[in-house]
Every structure is written in C-alpha cells, then in structure tokens.
Amino acid sequence: MRRQIPLLLTFLTGVAIIIAFFIPHRPFNEVQDILIDWAIIITGFALLLGVHSLLRKHITHIQRKDSGWGFSLILTFFFIGVFVAGIISAFQYKGYSLTPGSSLYFVYDYMVIPLSATMFALLAFFIASAAYRAFRARRLNATLLLVAAVIVMLGRVPIAENAFFKFLTRFSDWFMFIPQMAAKRGIWIGIALGAFAMSLRIILGIERTYLQ
Amino acid sequence: MKERKGLIIGSVIMIAIFVLMFIKGEPSKSIMVWIAAILTLSIYSFLYKDNVFYKFAEHLFVGVSVGYSVSVVWQNAFIRRVFDPLFITRTYIVNDKFSLYLFLGIVIPTLLGLLMLSIFTKKQAWLIRIPIAFVVGSYAGMGIAPSFQANIFEQTRSTLYVTLSISASIMIVGVISTLVYFFFSKEHKGLLGKTANLGIWFIMIAFGASFGYTVMARISLLIGRMQFLLHDWLGVIK
Amino acid sequence: MNVLLAFLFLIQQSPDSLQSDTTKVIEVVRPAPPTDVIAMDTPNDEGESIALQWTISKDDGDGLNSVILYNVFRAPSKEGPFDYIGTVGAGRTGYDDQDVEKDKVTYYYKVKSQTKDKVESEASNVASAQSFPQWFHHGRWNYLIFGVLFTFFFAFYLSRAKVKGTKLFIRKIAGLDAVEEAVGRSTEMGKPVLFCPGIGYLYHIATIAALTILGKIAKKTAEYETRLIMPNYDPLVMTAAQEIVKQSYTEAGRPDNFNEKDIFYLTQDQFGFAAGVDGIMIREKPGAIFLQGVFYAESLILAETGHSVGAIQIAGTDRVTQLPFFISACDYTLIGEEMFAASSYLSRDPVMLGTIKGEDTSKVVIIAVIIIGTIMGILGGLNIGPFGTWFLNLVNWFTRG
C-alpha cells in the first residue's frame with residue numbers, strides 16, 4: 001500500500017494532464033493551471049524541510065563549537081534577519097514585500113544581486129582556464145572543439161578590419177547556423193525522445209527510484 | 001609553487017591599484033555600496049584560495065538567499081494562495097453561495113503540502129510519497145507536449161529543405177549522424193559505427209562553437225563587475 | 001492589446017487638438033470601410049467565442065492613410081440593433097469576440113474603420129456565425145499521432161522483453177562505466193565522493209535520471225565505505241535522495257554507515273548554491289565529483305573548481321548550452337539522451353531496455369521523415385507532380401498545435 005497509492009497517484013495525475021492537453025473544454029483546459037498552482041503550494045511546504053535540514057546542521061555546529069562554527073552563526077543570523085525583514089516588508093507593503101524601498105528589496109539589491117553577479121562573473125576566469133586546458137589536450141575530439149571555438153570567437157570579435165576578418169565573421173555566422181545547429185538538433189531530438197520514454201516509465205510506474 | 005607566487009604578486013598589484021584608486025577617485029558615500037563592494041571582493045578572493053573572506057561571503061550568501069526565498073515563498077504560497085483565500089477574501093464563496101469546487105482547490109494542495117511534514121514522524125514518514133508522487137506525475141505529463149513541440153516538431157521541420165545546397169546537405173547529414181550517435185540498441189560497428197563517429201565530430205564542433213560564442217558574453221560580465229567597483233564604489237571612472 | 005490601443009487612442013485626443021477641432025471647420029472625409037468580413041466559430045476552444053476576419057480598408061496604410069482603428073459591432077439579428085463590442089488597431093485583419101453569451105445562436109457582425117479625427121466609415125458587409133464548444137483540439141493531431149506511435153514502439157519492445165524474454169543489447173556508455181573507477185579511486189585516496197544534483201527540481205526529468213545514477217553510486221560508496229556528500233537545491237530532491245541512499249546502503253548490508261546529515265539542503269538561489277558547493281569542494285577535497293542533473297550558468301563554476309581540487313569528474317545534463325563546459329572541464333560527460341538511458345543501462349532490466357529500443361525505433365522514424373520530406377521538397381522545388389503541395393502540407397502539419 002505504501003508503494004501502490006503513490007504510484008497510482010503518479011499514474012492518474014500524469015494521464016489526466018495528457019488527456020487534458022487534447023480537450024479544449026472545461027474543466028480539462030483548466031487542469032494544467034490548477035495543478036501548477038497546487039504545486040506552488042506543495043513545494044512551499046517542502047521548503048520547510050530544506051530550512052530544517054540547513055538549520056539543524058548549522059545549529060549543531062554552533063552548539064558543538066566545531067571548527068568554523070562562527071560561519072554557521074553568520075549563516076543562521078543572516079537567515080533569521082532576512083526572513084524577519086521579509087515578513088515586516090510584507091506587512092508594510094500589503095503583501096508586496098519586494099516593493100522598492102522595503103527592507104527585503106534592500107537586501108536583494110545590495111546583497112543578493114552583487115553576490116550573484118560576482119559569482120556569475122567568476123565565469124570569465126573559469127572559461128579562460130577551461131579553454132586553456134582544452135588547448136593542451138591532444139585528442140582529435142578536443143582539437144575539433146577548440147578549432148570551432150577559435151573560429152567563432154574570432155568571428156564574433158574581429159581583431160582587425162580587413163577582408164580576412166570580414167570573411168571570418170560571415171563564416172562563423174554560417175558555422176553557428178549550420179554545423180552547430182545540426183548537432184544541436186540531433187541532441188534535442190534525442191533528449192525529447194529520452195525524456196518522453198522517461199516520462200512514460202514514470203507515469204506507468206516502471207521508473208520508481210524517486211519513490212524509494 | 002610558481003602559480004602561487006604569481007597569484008600573490010598579482011593580488012598585491014591588484015590591492016595596490018585599488019588603494020591608489022581609492023586615493024585618486026571619489027569613493028561612494030553610501031554604506032550599502034561599500035557592503036556590496038566588499039562582498040564582491042570577498043567572492044573574488046576565492047580565485048586565489050579558500051580564505052576567511054570567501055567563507056564569510058559564502059555563508060552570508062547562503063543565509064541571506066534562504067531567508068529571502070523563505071519569505072518570498074511564505075508570501076506567494078502560504079499567504080497569497082492559502083491564508084488569504086481561506087480566511088480573508090474567501091474566494092470559495094461566490095454570490096453568497098459556498099462552492100465546494102473552489103474550496104477544495106485550496107484545501108487539497110494544503111493538505112498535500114502538510115503531508116510533507118510527515119517526514120518528521122517515524123511511522124508515517126511514507127506519507128511524504130503522496131505529495132511527491134503528485135508533483136512528479138503532473139510534471140511528467142506536463143513536460144511532454146512542450147518537449148515534442150520545441151524539440152521534435154520544430155527541429156524536424158527546420159531540417160526539411162527544398163534545394164540540396166551545401167549548407168542543406170551538411171545540416172541533414174549532421175542531424176542524422178548525431179541521431180545515429182544516440183542509437184543505444186545496436187553496437188556502433190561498420191556503417192553505423194562510422195556514422196556515429198561522424199555524429200560525435202559534429203557534436204564536438206557544435207560544442208566548440210557554442211563555447212566560443214559564450215566567451216565574450218562571460219567577459220562582459222566581468223567588465224560589468226569592474227564597472228561597479230570602479231564607477232559606483234571608487235568613483236574613478238565617471 | 002485592446003486596452004493599449006484604447007489608451008493610445010486617448011492620447012491622440014489631447015486637449016489642444018480638441019480645441020482646434022472645435023474652432024476650425026474641417027471638411028469631413030470618410031475613410032473606406034473594411035471589406036469581405038467573415039465570421040466563424042473560434043476553432044479548438046470551449047465555445048462562447050466567435051472569430052472575425054476582414055480585408056483592411058483602402059485607406060489603411062495606403063490611399064488617404066487615415067485609418068487608425070477598426071470598431072466591431074454585434075447584433076442578435078441581421079437588422080440590428082448593433083452594439084459596439086471592441087476595437088483593434090490599423091493593419092489588423094481580425095477580432096476575437098470572447099463574450100458570446102450563448103453557443104449555437106447566430107450573431108451578426110459588422111466592422112467600421114475610423115480616423116484619428118473620430119470619423120467613422122460606412123459599415124462593412126454583415127457577417128454571421130454561431131459558436132460551438134469543441135471536445136478535441138484539432139490542431140493537435142500531430143502530437144496525438146507521434147505520441148501514440150512512439151508509445152506503441154515502447155509498448156511493443158517492452159512486452160516482447162517481458163513475454164519472450166528477448167535479450168536486448170545496449171551500447172557502452174563510457175561515463176557510466178567510469179562510476180566504479182571514480183568511486184574506487186576516491187576510496188584509495190581516502191577522500192569523500194561528492195554528488196551534486198544541480199539546480200533542477202524533483203519534477204525535472206533530468207533530476208530523476210540523476211537520482212537513479214545516485215542510487216548506483218551510493219551502492220558503491222556503501223561497499224567501499226566511502227563518505228558520500230550531497231548538497232541540495234530542492235528540498236524534495238534532498239528527501240528523495242536520502243531515501244535512495246539509505247536504501248542502497250541497506251542493500252549493500254551497511255545501513256549503519258548511512259549518514260543522513262551528509263545529504264543536506266543548501267539554498268534555492270542559483271549562485272548561492274554555486275558558492276556553497278564551491279566552498280564544500282575546496283574544504284572537503286572530494287576524490288570524485290558527480291555533476292548530474294539540471295545545470296545552468298553555474299555548470300562551469302562547479303566543474304572548474306572540481307577540477308582544481310584534482311577530483312575525477314563525471315557530469316551529465318540535458319541542458320545543451322551547458323554541455324560544452326562539462327565536456328571541456330570534466331573527465332566524462334553524459335550527453336542528453338545518454339543520461340536518460342542511464343537507469344536502463346545501470347539496471348539492465350529487460351523492461352527498461354525495451355523502452356530504449358523503442359526510442360531507437362522512434363529515431364528511425366524521424367530520420368525517415370527528414371529524408372522523405374527533403375526528397376519531396378526537392379521534387380516540389382523542381383515543380384514535379386504534386387510534391388510541392390505535399391511538402392508544404394508536411395511543413396504546416398509540424399507547425400500546428
């Protein structure tokens with residue numbers, strides 16, 4: 001029973017969604033929107049599990065005074081602080097806690113945004129180091145990858161203005177549109193088929209690892 | 001060891017440049033810009049090695065972002081979708097009549113969500129499988145049509161040509177050979193093996209091109225951060 | 001859209017222009033009306049909607065070029081009275097009347113064009129239609145046919161595997177064969193194994209595929225008594241992963257070695273997650289790193305940091321834009337469909353393998369469509385027989401829905 005009920009539920013919801021896709025009539029045309037709405041509520045509760053896991057880990061660190069417990073304290077402190085700021089902002093701005101001027105907006109603008117942007121910008125260094133290593137690999141596949149990368153890169157940023165770079169720009173555009181696209185299309189079609197097979201296996205209950 | 005030395009010299013030079021700019025420029029008077037700048041530099045210090053500044057920024061980042069998402073979820077899921085419609089706006093009462101359909105539309109997902117908390121009990125922990133099964137089942141069904149449209153119909157249609165130009169031939173050969181590479185149920189030998197090999201060449205070329213295409217976009221991200229540091233914070237660039 | 005147009009219309013009526021209108025006597029020139037108005041039931045909906053189409057007025061974009069709007073009127077009978085129901089901007093050739101009160105009742109429509117000076121044209125011809133609800137979406141035959149065909153292939157090979165017990169072959173997938181080697185090497189070095197499921201949710205197909213790979217890895221780490229660390233982005237993935245790993249440890253006969261706290265939640269922020277995982281990589285120095293699931297821009301941040309700590313890395317994702325980075329930074333990469341095939345590959349379950357065979361047959365169908373379609377296109381391009389029309393029909397068929 002502990003297995004059958006969940007598997008039956010997966011089957012029913014999956015099949016209901018698929019049937020609803022073909023019927024443009026009420027209530028079927030509403031099924032998808034309703035289920036998405038429900039999923040937002042359900043996953044909202046799931047976040048409580050996440051917070052529990054994170055805080056339990058760090059509060060144990062603090063209690064045991066493990067090495068680096070100070071950082072756990074910082075994490076816990078900022079979690080509580082921002083959460084409280086979010087609740088206060090929501091009350092202040094009648095549910096729209098992200099209104100410019102609210103304290104949650106402040107946190108977002110001066111902490112989340114610069115931290116995210118900086119992490120994202122680390123990619124400039126990492127893409128360089130990855131390219132450098134690809135350059136040293138002496139296998140045919142790596143060479144193909146590198147040659148294509150250099151062609152497109154130079155084509156996108158013409159170093160000099162002459163006939164050669166003009167040609168390279170046009171060539172790299174062609175390269176993106178034709179050979180690059182060809183392989184991507186093959187991969188996409190494969191992914192769609194693989195995902196379809198996987199979805200069917202999930203709906204039919206053949207694939208059930210996620211329900212251990 | 002050599003790398004280490006280079007990095008130390010590099011960081012010293014960087015710090016010197018920042019100090020010089022600090023004296024020369026017009027540093028921001030906003031404390032928030034200072035916080036943002038210090039956090040930015042703390043993250044960059046990771047490139048040298050793990051250190052106190054990075055650890056601080058990392059733990060702050062995790063704490064802040066979880067606090068942020070909890071308060072957003074609190075508002076979007078609990079208040080706006082459960083608490084308000086149940087107790088304040090009472091959306092299930094239409095023209096003074098109680099609508100069971102609308103009422104269950106709020107209560108069922110709430111109960112399913114509450115089943116998540118069964119994980120904290122020892123005996124009834126299996127109940128968490130019910131909301132999981134529900135979410136996975138619905139999304140497994142929902143994903144199929146968009147994936148067919150974007151990945152099969154759109155891609156197959158775009159591979160059909162009316163003239164067999166060089167580009168068209170390359171496209172068709174590329175798509176087919178890549179698909180052949182993903183054949184799992186036959187051993188890649190003989191003609192099949194050769195086609196699959198051609199497929200992997202196409203894949204590598206495509207990945208290379210895509211890599212090269214992204215490089216500049218990533219460098220412009222770095223330029224964006226530098227602009228923040230030099231313009232917003234230090235005020236060297238106007 | 002209509003609201004926007006109405007707003008634009010209001011802006012046009014600024015006070016000064018109104019003033020000048022009243023002081024000057026303008027010769028009123030009526031624009032030409034739209035022609036050939038047709039009304040029909042809006043296809044593939046639940047009824048209560050009628051679609052109108054017309055040919056634009058001669059003065060729309062041409063002629064006097066004075067038309068800026070079309071006003072639509074509706075009446076319950078041919079004689080009227082016609083009530084105004086809506087407006088669309090110049091250049092538009094259709095209107096959807098979404099407020100039809102009753103299905104299966106005839107409504108009559110006419111359309112007038114209007115200039116910016118609020119001068120309306122004569123009425124167009126009157127068109128009539130009834131609305132009907134539909135119980136099947138006729139634009140989605142393509143989904144139904146392909147879906148049923150592919151499902152048939154799966155079912156066919158699945159039942160053959162089940163009933164006849166036919167042995168099905170599956171080709172080598174290097175990335176999956178390397179799992180054992182990676183965990184083994186990590187054990188030899190006395191380092192933990194890190195599994196990162198990326199920033200997908202439990203309902204992403206790629207995340208579920210990643211979890212089946214996790215089950216296999218957990219069995220190995222249980223056998224070798226190596227620590228398995230897994231930071232999570234989605235709490236549901238975390239819960240599912242805890243159960244999967246616990247199960248693997250029980251199956252390997254070492255349930256006591258399972259540590260639930262090593263499978264923990266980090267954050268649901270993309271780069272916050274990347275920062276956290278980077279920190280874990282640097283501090284725990286894992287010997288093997290598995291990056292399996294849904295990844296976006298953080299893919300390379302994680303893979304390069306993993307490389308810098310000297311770990312053997314096996315990646316896999318269905319995000320095509322991130323694959324190049326995994327290919328260049330990791331030792332093995334499962335490309336798209338290879339990842340979805342993992343559960344079948346690892347379990348060697350004949351039923352699972354049956355669906356793989358179904359996938360391959362579906363690929364043959366798609367390859368055939370491409371080849372036949374192109375032959376039709378080329379013959380059509382040379383104006384041979386009916387191939388041109390067939391080709392266009394085929395292309396249109398794929399764009400429906």
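C:Lys363 is buried, its relative accessible area being 0%, where buried denotes under 20% relative accessible area, exposed over 50% and partly exposed in between (1.4 Å probe, protein chains only). The model is predicted: local features need pLDDT of at least 70, side-chain atom pairs count only at pLDDT 80 or more, and totals for chains, interfaces and linings use all residues. Residues are numbered from 1 along each chain as its sequence is written, chains are lettered from A in the order in which they are written, and side-chain values use heavy atoms, with hydrogens and water left out.

Over all chains there are 21 salt bridges, a salt bridge being a side-chain nitrogen of Lys or Arg within 4 Å of a carboxyl oxygen of Asp or Glu. The table lists three of them.

| Salt bridge | Closest N to O distance |
|---|---|
| B:Asp50 and C:Arg283 | 2.9 Å |
| C:Glu225 and C:Arg254 | 3.0 Å |
| C:Lys363 and C:Glu337 | 3.0 Å |

C:Lys363 forms its salt bridge with C:Glu337. This pair links helix α12 (residues 350-381) to helix α10 (residues 337-340) of chain C, 26 residues apart; helices are DSSP runs (H or I, at least four residues) and strands likewise (E, at least two), numbered from the N terminus. C:Glu337 is also buried, at 0%.

B:Asp50 and C:Arg283 form a bridge that crosses between chains, from the loop between α2 (31-44) and α3 (52-88) of chain B to helix α7 (residues 270-284) of chain C. B:Asp50 is buried at 18% relative accessibility, whereas C:Arg283 is partly exposed at 32%. Both belong to a network of salt bridges with B:Glu58.

C:Glu225 is exposed, at 54%, and its partner C:Arg254 is partly exposed, at 28%.
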